[in-house]
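Here are a few exercises to help you find your way around a new protein. Grab a pencil, open the viewer and work through them one at a time.

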Amino acid sequence: MAASNPASTRVACHCGGGRGAQSGNRRGPTRSEGQQSVASGCQRPALGASERGANLTGMELAIFVGLQASGKSTFYRERLSASHALVSKDLMRNVRDKNRRQLALVRAALREGRSVAVDNTNPSPADRAPLIGLGRELGARVVAYFFDTAVPGCLARNAERQGRAQVPPVAIFTAARRMVAPRLEEGFDALYRVHLQPEGFRVAELPSPKSAHSEPNP
Ligand SMILES: Nc1ncnc2c1ncn2[C@@H]1O[C@H](COP(=O)(O)OP(=O)(O)OP(=O)(O)O)[C@@H](O)[C@H]1O
Ligand SMILES: [Mg+2]
């Protein structure tokens with residue numbers, strides 16, 4: 001049940017430092033679909049009550065939005081792996097309908113009371129809508145992490161990757177054409193913009209209309 005899940009008090013934790021030893025070319029710990037446990041160890045408290053809205057389950061669905069090689073998987077490993085289960089199409093081998101499988105995995109995690117991160121490009125509102133709907137249906141706080149990176153940087157980082165980790169550049173251009181920045185109006189409870197910098201990630205929350213009203217600037 002959600003109430004007894006230790007992860008329920010650790011949603012949306014951005015703890016973690018720089019790139020660390022696991023930020024290389026997908027050499028970090030990759031989890032199989034059957035190993036989506038929410039690891040313990042992250043002790044930072046959840047976001048403030050005003051940011052959690054009316055969510056009473058303590059679960060969070062974090063939807064990543066970003067081009068290939070924008071840093072999504074590195075960010076997951078460094079910032080969310082202690083609190084969120086991982087769902088990624090990169091981990092699905094021999095799965096014909098990956099969207100369907102993705103929804104099934106998210107549903108399974110949330111039904112077990114676990115927070116979950118969806119580590120895919122999710123470029124358009126149409127890609128995100130079924131995930132948002134599912135998260136809301138199951139009572140999770142639904143947030144977007146927008147990896148706001150330019151195409152040239154993604155191409156350069158992609159070119160540095162080796163083997164299967166490297167994607168054809170055309171895939172990055174295609175995703176860039178489809179990319180629409182996430183908006184709160186899509187149904188998100190909060191929106192975070194992530195900037196990939198040489199020294200690591202910088203995360204900024206965009207103010208929601210609600211918090212802007214309740215916490216006016218002095
Ligand atoms: N702060 C940083 N500065 C420069 N490069 C970085 C930084 N952090 C991670 N990288 C590198 O950027 C590359 C892309 O990162 P990552 O694999 O996390 O991207 P991704 O968004 O998950 O890509 P994909 O969508 O293809 O899975 C990796 O080779 C990683 O080592
Ligand atoms: Mg990745």
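**Exercise 1.** In which loop does Asn 94 lie? Then work out whether Asn 94 is buried or exposed.

*Solution.* Keep in mind that this is a predicted model. Start with the place: Asn 94 sits in the loop between β2 (85-87) and α3. Next, look at the backbone: the phi of Asn 94 is near 55 degrees, which is positive even though the residue is not a glycine. Last, count neighbours. Asn 94 has 4 other C-beta atoms within 10 Å, and a residue with 12 or fewer is exposed. So Asn 94 is exposed.

**Exercise 2.** Now do the same for Ala 69: where is it found, and is it buried or exposed?

*Solution.* Ala 69 belongs to the loop between β1 and α2 (72-80). Ala 69 also has a positive phi, about 65 degrees, without being a glycine. For the count, there are 28 C-beta neighbours inside 10 Å, and the cut-off for buried is 20 or more. Ala 69 therefore counts as buried.

**Exercise 3.** Check the length of helix α4: what should its 13 residues span at 1.5 Å a residue?

*Solution.* Helix α4 covers residues 125-137. The rule is 1.5 Å times one less than the number of residues, so the helix should span 18 Å. Now compare with the model: the end C-alpha atoms are 18 Å apart, which agrees. Just past the helix, Gly 139 takes a positive phi of about 80 degrees.

**Exercise 4.** Which residues of α4 are buried, and what covers them?

*Solution.* First, pick out the buried ones: Arg 128, Leu 131, Ile 132 and Gly 135. These residues cover an arc of only 105 degrees around the axis, so they are on the same side of α4. The spacing helps you see it: an α-helix has 3.6 residues a turn, so residues three or four places apart point the same way. Now turn the helix around. On the other side of α4 you'll find Ala 126, Ala 129 and Glu 137, which are exposed. As for the cover over the buried residues, it includes β1 (60-66), α3 (98-111), β3 (116-118) and β4 (141-147).

**Exercise 5.** Zoom out: how many helices and strands does the protein chain have?

*Solution.* Count them up and you get seven helices and six strands. Along the sequence, they follow the pattern α-β-α-β-α-β-α-β-α-α-β-β-α. As for burial, 37% of the 218 residues count as buried.

Technical notes: Residues numbered from 1 in each chain as written. Chains lettered and ligands numbered in written order. Predicted model: local features only at pLDDT ≥ 70, side-chain atom pairs only at ≥ 80, totals over all residues. Helix = DSSP H or I, 4+ residues; strand = E, 2+ residues; numbered from the N terminus. Arc of directions from axis to C-beta. Contact = placed C-beta atoms within 7 Å.
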